[in-house]
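Work through the two exercises below with the sequence and the 3D view open. Each task is followed by a solution in steps.

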Amino acid sequence: MINEGSGIRRPSRMDGEDGTVAQVLGRRELGRALLARQWLLERADATAEEAVTRLVGMQAQAPYAPYFGLWSRLRKFGTADLADTLTERRLVRVALMRSTVHLVTTADYRSLRPWAQPALDRELDTAFKKVLTGLDRVAVAESGRALLDARHLTPKELRAALHERWPDHEPRALATVVRNLVPLVQVPPRAVWGVGGTTRYATAAGWTGAEPAPAADSEHIVLRYLAAFGPASVTDVQTWAGRTRLRPVLERLRPQLAVFRDEHGVELFDLPDAPRPGADARAPVRFLPEYDNLLASHADRTRVISEQDRKRVMTRNGMRATFLVDGQVTGAWKLHLGKASATLEIDPFRPLATTERAEVEAEGARLLEFAAPGADHDLRSGRATLVGHDDAVTGEKSDRQ
């Protein structure tokens, strides 16, 4: 088997440190396995809740991003299918892995939130360590809990209320203490398609009627991660979680896992019966929203995006929405909605072959119909800046605080 693009033949099997021989999986094989787990090779017959559960949550700091992520993964999906789950409190948006906002089921919030606590603690101990010196974090957290149990507050209102009591500390840091130590949800109508609204916090217990459960055991969470993102190395798992010291977890699981190596000799773990299509499996064009976990859940992301293109996708303000051609990120996109029109702007990172461009445009047309049925549709390709459309759906300010 040839390592594509290098001209160097790589081994199909590699000796492990313990004397065993592990099969080597190339970049394209790893990419196809990931896309299969993510329902991006074939759309699935599943509900929004089933998809969010399978994916162990969807990164959701861009309020409308999960709508596009689910549309790309499900055969039958309409905006109401997600909006209704939010208003009915079956799905919630809460800070979890990597201390980022995720869309999860209410059941998963209860077990994942305490499991993700080390990532939330680390943020306080690094990014905010200096400004929080001498502060009683527990007192701040309990004060914030009481405020939010009384009424839903915007981030600005929460910061102001906390600053009144602790005037010598930075308001943003005070609010982050509450966010990271008290499970909070962002309540509708924020992230409800066609309605939207200002970010407002409530305590997750008050909104869902359920306190967090004991943290799920790490073995269970890692197995769910592998089902959605494998095969993966120890550092891949830790990157997704925002946690360290997970190697012992994988070592305990080793007897029940399949073990591979990548082309660089890095050990990869996987569920034995999980799908691992061949490198030549067809990968159709797919549109991914900003912050999609497909691009944020591995230390080595070259299975779906080159290092050069990753620099194009990652900006000072976050992660751009992207599209896949033949299983690789090949460009970015942005959707602009007017009152009676919708424009999809496509920015390829390389020249597209005629057949590739046709497939991108066909999938783009379907995206326009999903996002703006009945509107006048326009699809533009290139780097031209659109004017007169200030209400872009993608590229909206993310909900970090």
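**Exercise 1.** In this predicted model, five strands form an open sheet. Find the strand order, the edge strands and the helix that packs on the sheet.

*Solution.*

Step 1. The order is β12-β15-β16-β17-β18, and the pairing is mixed.

Step 2. At the edges are β12 (286-288) and β18 (376-381), each of which pairs on one side only.

Step 3. On average, neighbouring strands of the sheet are turned by 25° against each other, direction ignored.

Step 4. Take the pair that starts the order: β12 and β15 (residues 322-325) run antiparallel and share three bridges. In one of these, Arg286 has Leu324 of β15 as its bridge partner.

Step 5. The helix is α15 (residues 354-371), which touches β12, β15, β16 (328-337), β17 (341-348) and β18. The direction of α15 makes about 145° with that of β18.

**Exercise 2.** Helix α12 covers residues 234-241. Is α12 largely enclosed or not, and which elements do its buried residues pack against?

*Solution.*

Step 1. Count as buried any residue under 20% relative accessible area. In α12 these are Val234, Asp236, Val237, Gln238, Trp240 and Ala241.

Step 2. That makes six of the eight residues of α12, so the helix is largely enclosed by the rest of the structure.

Step 3. The surroundings of these buried residues are helices α5 (106-115), α6 (117-126), α11 (218-229) and α13 (247-253), together with strand β11 (267-270).

Step 4. Follow the chain past the helix: just after α12, Gly242 has a positive phi of about 75°.

Conventions. Residues are numbered from 1 along each chain as its sequence is written. This is a predicted model: local features need pLDDT of at least 70, side-chain atom pairs count only at pLDDT 80 or more; totals for chains, interfaces and linings use all residues. Side-chain values use heavy atoms; hydrogens and water are left out. Two strands pair if DSSP finds at least two bridges between them. Helices (H or I, at least four residues) and strands (E, at least two) are DSSP runs, numbered from the N terminus. Axes are lines fitted to C-alpha atoms, for helices over the stretch in contact, and angles run from 0 to 180 degrees between N-to-C directions. Contact means heavy atoms within 4.5 Å. Buried means under 20% relative accessible area, exposed over 50%, partly exposed in between (1.4 Å probe, protein chains only).
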